[in-house]
Structures are given as structure tokens and as C-alpha cells.
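Good morning, and thank you for making room for this on the agenda. I would like to take you through one chain, beginning with its overall make-up and then turning to particular strands, loops and residues.

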Amino acid sequence: MDEKELKENVPEKDIEELLQWWHQEENAQDGATVEEEATPAENATPDEEAVPEKRPSRRHTKTGWQGTLLMYLHDLVYLLSGLILVFLLLFRVVIVSGTSMNNTLLDGDYLLLLSTTFYQDPQPGDVIVASKQSYDNGAPIVKRVIATEGQWVSIDFTEGVVYVGDSLDTMKPLDEPYTLTPTNTSEGIAFPLQVSEGCLFVMGDNRNGSKDSRHPEIGLVDKREVLGKVVFLFVPGTNEGEEEQDFGRIGVVD
């Protein structure tokens with residue numbers, strides 16, 4: 001029954017009392033509804049209302065260590081890439097083919113070269129690898145530097161002695177403990193010879209079994225034809241099985 005019906009069916013003197021009673025009943029019902037809805041919140045503690053319950057997540061933990069592992073792998077890949085790049089810039093690997101450098105180097109030796117990126121000033125006594133298009137279609141050759149630009153070279157093939165000096169008057173015999181044999185073989189180049197600018201005079205340590213700057217096919221080696229300096233022997237060869245594989249030879253090449 002609403003307020004209009006009350007006015008029509010109830011005597012006028014009682015209307016005010018009934019209206020007052022009716023409003024009290026409505027307020028009581030509204031208060032009960034609000035009170036019932038608010039009861040759970042009143043029973044909860046402040047901490048339970050503000051912070052929902054958290055439980056350890058196994059999936060979260062797994063993702064955490066996987067992420068760490070991926071991060072380390074990522075860094076490792078970058079580190080290895082950097083090391084490989086530096087190695088390629090600094091060094092290169094060659095394999096000795098032939099016996100022209102016996103007994104310093106044997107056929108089958110694996111050598112580490114210092115690249116010309118950082119080796120640009122060859123000196124007498126250095127063991128180098130060069131490539132000349134005039135000989136064997138540019139196949140790498142391993143030889144020892146005997147003289148550099150401006151120096152004079154002469155060879156006494158009878159005595160097997162090599163002479164080097166800054167002039168004809170200052171040439172002196174070389175002390176060559178590294179050679180396998182004396183230098184008795186002439187290969188066609190006339191001596192004495194002055195080394196041209198920017199070039200090198202090279203020979204193999206096996207003097208009577210080496211084709212080198214004594215031969216017209218090779219002659220003087222331009223510095224631009226040098227591939228690098230031999231710095232380390234890391235796998236010993238066997239001269240095609242004629243020698244035992246001597247791992248004691250591993251080390252710096254002089």
C-alpha cells in the first residue's frame with residue numbers, strides 16, 4: 001500500500017501516524033539490506049581487505065631461472081662472436097706442404113700466422129707465408145726472410161755461405177743454425193743482388209731442396225704478397241709419414 005491509498009482508505013486524523021509508521025518500516029528494511037551486504041566487510045580485517053592472498057607460483061619460478069639462463073647464453077654468444085672476430089683479424093691457419101723448410105717445419109705441420117693487419121714490417125730471420133701468382137697459381141709458400149729492401153745479397157755456392165749487408169762493402173756471412181743443408185744450389189738468379197724497395201729476399205731452410213728467391217719463378221717477394229708471419233706450430237706433421245709425429249715440437253716458431 002502506497003501513500004495515496006493510505007489517504008483514501010484511512011481516516012484523516014490517523015493519516016499522519018500511519019505515514020510516520022510506514023516510513024519507519026521502509027527505513028528499517030533498507031537498513032537491514034545495507035547491514036547484510038556490509039557484514040562480510042565488517043568481519044574482514046584491514047590487512048585482508050587491502051592485500052589479497054599471494055601464493056608462490058611454480059611457473060613464475062621456472063620462468064625466472066630460464067630467463068637467467070637465456071641471458072647468460074646471450075652474453076656467451078656475443079663473447080664467442082667477439083673472440084672469433086678478433087681471432088680472424090689477428091690470425092690465420094695454414095698447413096705446410098712440402099719439405100722446403102725442413103727441419104724447422106715439416107710437411108703437414110699446422111701453423112698459426114699473425115695476420116698482416118698487425119704484421120707489416122718483416123725482419124730478417126722471420127718465417128713468413130707468401131702468395132705469388134707467378135708461382136703455382138698463388139699457392140701459399142713458407143720461407144724465411146733473408147734480406148729486406150735496400151740490402152745486398154750474395155751467395156758463395158761452392159762454400160754454401162750466404163752474405164748480406166747494407167752495401168757491397170759491408171756484406172758479412174750469415175750465421176744460419178736453422179738450415180738443414182748449406183746453400184750450394186743456384187737456381188738462375190744472378191748475384192750479388194740488391195733487394196728492391198718494398199720487397200724481401202726469402203729462402204727455405206732446406207737450401208738444396210727449396211725453390212725460393214734464387215729462382216726466377218719466385219724471385220723477390222713483394223711485401224703486399226705476404227700473408228702473415230708464422231708464430232706458432234700447434235699440430236706437428238710427419239713429412240708424409242717419414243717422421244714420427246713429435247708433439248714436443250709444438251710451440252713458438254723461430
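What follows is a short walk through this structure, which is a predicted model.

Let me begin with the chain as a whole. It contains four helices and twelve strands, and of its 254 residues, 32% are buried. The accessible surface amounts to about 16700 Å², with carbon and sulfur atoms contributing 53% of that area. If we take the contacts with a separation of 6 or more, 58% of them are between residues 24 or more positions apart.

I will now turn to the strands, and I would like to start with β4, which covers residues 140-148. How many of its nine residues are buried? Eight of the nine are, so far as the accessibility calculation goes, and the strand is described as mostly covered.

Strand β4 has pairing with β3, residues 127-131, through five bridges, and the two run antiparallel. Within the β3 and β4 part of the model, isoleucine 128 is placed opposite lysine 143 of β4. Strand β4 is also joined to β9, residues 199-203, in this case by four bridges and again in an antiparallel arrangement. There, alanine 147 has phenylalanine 201 in β9 as its bridge partner.

The next item is an open sheet of four strands, which are ordered β7-β6-β5-β8 and paired in antiparallel fashion. The edge positions are taken by β7, residues 172-173, and β8, residues 193-194, and because each of these has a single partner strand, one side of each is left without a neighbour in the sheet. Looking at the β8 edge, we find that strand β5, residues 152-156, is connected to β8 by two bridges, with the two strands antiparallel. Here tryptophan 152 stands across from glutamine 194 in β8.

Let me move on to the largest pocket, which encloses about 320 Å³ of space. Two elements give two or more residues to its lining, namely β1, residues 91-95, and β4. Which element supplies the largest share of that lining? It is β4, with four residues, and this is the strand I described a moment ago as mostly covered. The lining consists of 17 residues in total, and those nearest the centre of the pocket are Ser97, Gly98, Pro140, Ile141 and Val142.

I would next like to look at two individual residues that are both buried, starting with aspartate 222, which belongs to strand β10, residues 221-222. Is aspartate 222 buried or exposed? Its relative accessibility is 18%, and because the cut-off for buried is under 20%, aspartate 222 counts as buried. Its side chain comes to 2.8 Å from the backbone nitrogen of arginine 224. Once neighbours within four places in sequence are set aside, aspartate 222 is in contact with Gly198 and Cys199.

The second of these residues is histidine 215, located in the loop that runs between β9 and β10. Histidine 215 is likewise buried, its relative accessible area being 18%. If residues up to four places away in sequence are not counted, histidine 215 touches Glu187 and Ile189.

Finally, there are some backbone details that you may wish to check on the model yourselves. Two peptide bonds are of interest here, and the bond from asparagine 102 to asparagine 103 is cis, with omega near 0°. Asparagine 103 has its place in the loop between β1 and β2, the latter being residues 110-115. The bond from phenylalanine 191 to proline 192 is also cis, with omega near 5°, and proline 192 sits in the loop between β7 and β8.

As for phi, aspartate 136 has a positive value of about 55°, although it is not a glycine. This residue is in the loop between β3 and β4, and at 51% relative accessibility aspartate 136 counts as exposed. Asparagine 239, another residue other than glycine, has a positive phi near 55°. Its loop lies between β11, residues 226-235, and β12, residues 251-252. What is the relative accessible area of asparagine 239? The value is 6%, and asparagine 239 is therefore buried, whereas aspartate 136 is exposed.

That is where I will stop, and I am happy to return to any part of the model during the discussion.

Technical notes
Residues are numbered from 1 along each chain as its sequence is written. This is a predicted model: local features need pLDDT of at least 70, side-chain atom pairs count only at pLDDT 80 or more; totals for chains, interfaces and linings use all residues. Side-chain values use heavy atoms; hydrogens and water are left out. Buried means under 20% relative accessible area, exposed over 50%, partly exposed in between (1.4 Å probe, protein chains only). A polar contact is a pair of N or O atoms within 3.5 Å; within protein, one must be able to donate a hydrogen and the other to accept it, and residues adjacent in sequence count only if both atoms are side-chain atoms. Contact means heavy atoms within 4.5 Å. Accessible areas come from the Shrake-Rupley method with a 1.4 Å probe; for residues, only the protein chains shown count as cover. Two strands pair if DSSP finds at least two bridges between them. On a 1 Å grid over the protein atoms alone, a cavity is a set of points where a 1.4 Å probe fits but cannot get out, and a pocket is an open set with protein on both sides within 12 Å along at least five of seven lines; lining residues have an atom within 4 Å of a point. Grid points are joined across faces, edges and corners, and a volume is the space filled by probe spheres set on the points.
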